[in-house]
Amino acid sequence: VLGAGTWSLFGALVLDKSANDHRRITFHDSCNVARASRMGSFPGGQFVMGSDWGSDDNKPPHLVHLDAFLLGKYPVTNAQYRAFCSVTGHRQPKQPFKRYGYPDYFGNRAYADYPAGGVNWEDAKAYCDWAGLHLPTEAQWEYAAKGTTRRRYPWGNEAPTGVHAHSARKTGRGDYTKAVGSYPGGAGPFGVLDLAGNVWEW
């Protein structure tokens, strides 16, 4: 894992294509970005899930069938999550990066397009319920990251570099996260960004 040591909502922006609930077409954030413009479309079909390398919970490789679905192209941002908290009264995340030089990471609008951090699974689910979405399954996330290929990383088999993803371990204090979409060189086969690096993801 290249990301920072806090949880964020990455794939919270998931909606089955077969779903009929389109009540919230836009995000209720300061940018009012249309949801469709931030979603990637994934065709249904089979892919090989798992691998022969890595930890034991990745083994063995096996065929999985997925129905078509949509997945957010970027992690959920502070602006999006702040709007959710404002509308619903949901608790705001604790300042996850205060000790790394971000005293007001969540509330500072300079970080509006940075990934929302410090959220647990219950927080992530609550956000999805509010937005008419759901968290991705493990299979959906892995398919977004590698498609039908057997690549080791979303961008291919090349070892991670500063072109592909943000790693706080390499940059040190004061540069713990980056705005979402800052590393187009790390895009997966369907164009989804930030599948590796920056923050851990639900």
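## A walk through the fold

Of the 202 residues of the protein, 47% count as buried. Keep in mind that what you have open is a predicted model. Before zooming in, colour by secondary structure: you should find four helices and seven strands. Reading from the N terminus, the order is β-β-β-β-β-β-α-α-α-α-β. Switch on a surface and you are looking at about 9900 Å² of exposed area, 51% of it supplied by carbon and sulfur atoms. As for contacts between residues at least 6 apart in sequence, 72% of them join residues at least 24 apart.

**Stop 1: strand β4**

Select residues 45–49, which make up β4, and show the side chains. Which of them are buried, and which are not? Gly45, Phe47 and Met49 point to one face and are buried, while Gln46 and Val48 point to the other face and are not. Now add residues 62–66, strand β5, which runs antiparallel to β4 and is joined to it by five bridges. Click on Phe47 and look across: its bridge partner in β5 is Val64.

**Stop 2: helix α1 and what it packs on**

Next, pick α1, residues 78–88. Eight of its 11 residues are buried, so the rest of the structure largely encloses this helix. To see them, select Asn78, Ala79, Gln80, Tyr81, Arg82, Ala83, Phe84 and Cys85. Show α2 as well (residues 121–131), since the buried residues of α1 pack against α2. Step just past the end of α1 and you reach Gly89, where phi is positive, about 80°.

**Stop 3: salt bridges**

A search of the whole structure turns up four salt bridges; here are some to visit. Start with Asp123 and Arg91, whose closest N and O atoms are 2.8 Å apart. This pair links distant parts of the chain: Asp123 sits in α2 and Arg91 in the loop between α1 and α2, 32 residues apart. Asp123 is buried at 5% relative accessible area, whereas Arg91 is partly exposed at 49%.

For another setting, go to Lys59 and Asp56, whose side chains meet in a salt bridge at 3.9 Å, N to O. Lys59 is partly exposed, with a relative accessible area of 38%, and Asp56 counts as exposed at 63%.

**Stop 4: helix α3**

Select residues 138–146. This is α3, a mostly covered helix with seven of its nine residues buried. The buried ones are Ala139, Gln140, Glu142, Tyr143, Ala144, Ala145 and Lys146. Where do Lys146 and Glu142 lie relative to each other? Both are in α3, four residues apart, about one turn of the helix. Their side chains meet in a salt bridge, 2.8 Å from N to O. Lys146 has a relative accessible area of 8% and Glu142 has 16%; with the cut-off for buried at under 20%, both charged residues therefore count as buried. Following α3 is Gly147, with a positive phi near 60°.

**Stop 5: aromatic rings**

Time to hide everything but the aromatics. There are 16 aromatic pairs in the whole structure. Take Tyr143 and Phe190: the ring centres are 5.2 Å apart and the planes stand at 45°, so the pair is tilted. Tyr143 belongs to α3 and Phe190 to the loop between α4 and β7, so this pair ties together parts 47 residues apart in sequence. Tyr143 is buried, at 5% relative accessible area, and Phe190 is partly exposed, at 31%.

Then move to Tyr153 and Trp155. How are these two rings arranged? Their centres lie 5.2 Å apart with the planes at 0°, so the pair is stacked. Tyr153 is partly exposed at 30% relative accessibility, while Trp155 is buried at 14%.

Before leaving the rings, select Phe42, Phe47, Phe69, Tyr143 and Phe190 together: ring pairs link them into a cluster. Two of these you have already met, Phe47 on the buried face of β4 and Tyr143 among the buried residues of α3.

**Last stop: Asn198**

Finish at Asn198, in the loop between α4 (168–171) and β7 (199–201). This residue counts as buried, at 5% relative accessibility. Follow the side chain of Asn198 and you arrive at the backbone nitrogen of Lys178, 2.8 Å away.

Technical notes:
Residues are numbered from 1 along each chain as its sequence is written. This is a predicted model: local features need pLDDT of at least 70, side-chain atom pairs count only at pLDDT 80 or more; totals for chains, interfaces and linings use all residues. Side-chain values use heavy atoms; hydrogens and water are left out. Buried means under 20% relative accessible area, exposed over 50%, partly exposed in between (1.4 Å probe, protein chains only). Helices (H or I, at least four residues) and strands (E, at least two) are DSSP runs, numbered from the N terminus. Two strands pair if DSSP finds at least two bridges between them. Contact means heavy atoms within 4.5 Å. Accessible areas come from the Shrake-Rupley method with a 1.4 Å probe; for residues, only the protein chains shown count as cover. A polar contact is a pair of N or O atoms within 3.5 Å; within protein, one must be able to donate a hydrogen and the other to accept it, and residues adjacent in sequence count only if both atoms are side-chain atoms. Rings of Phe, Tyr and Trp (its six-membered ring) pair if their centres lie within 6.5 Å; planes under 30 degrees apart count as stacked, over 60 as edge-to-face and the rest as tilted.
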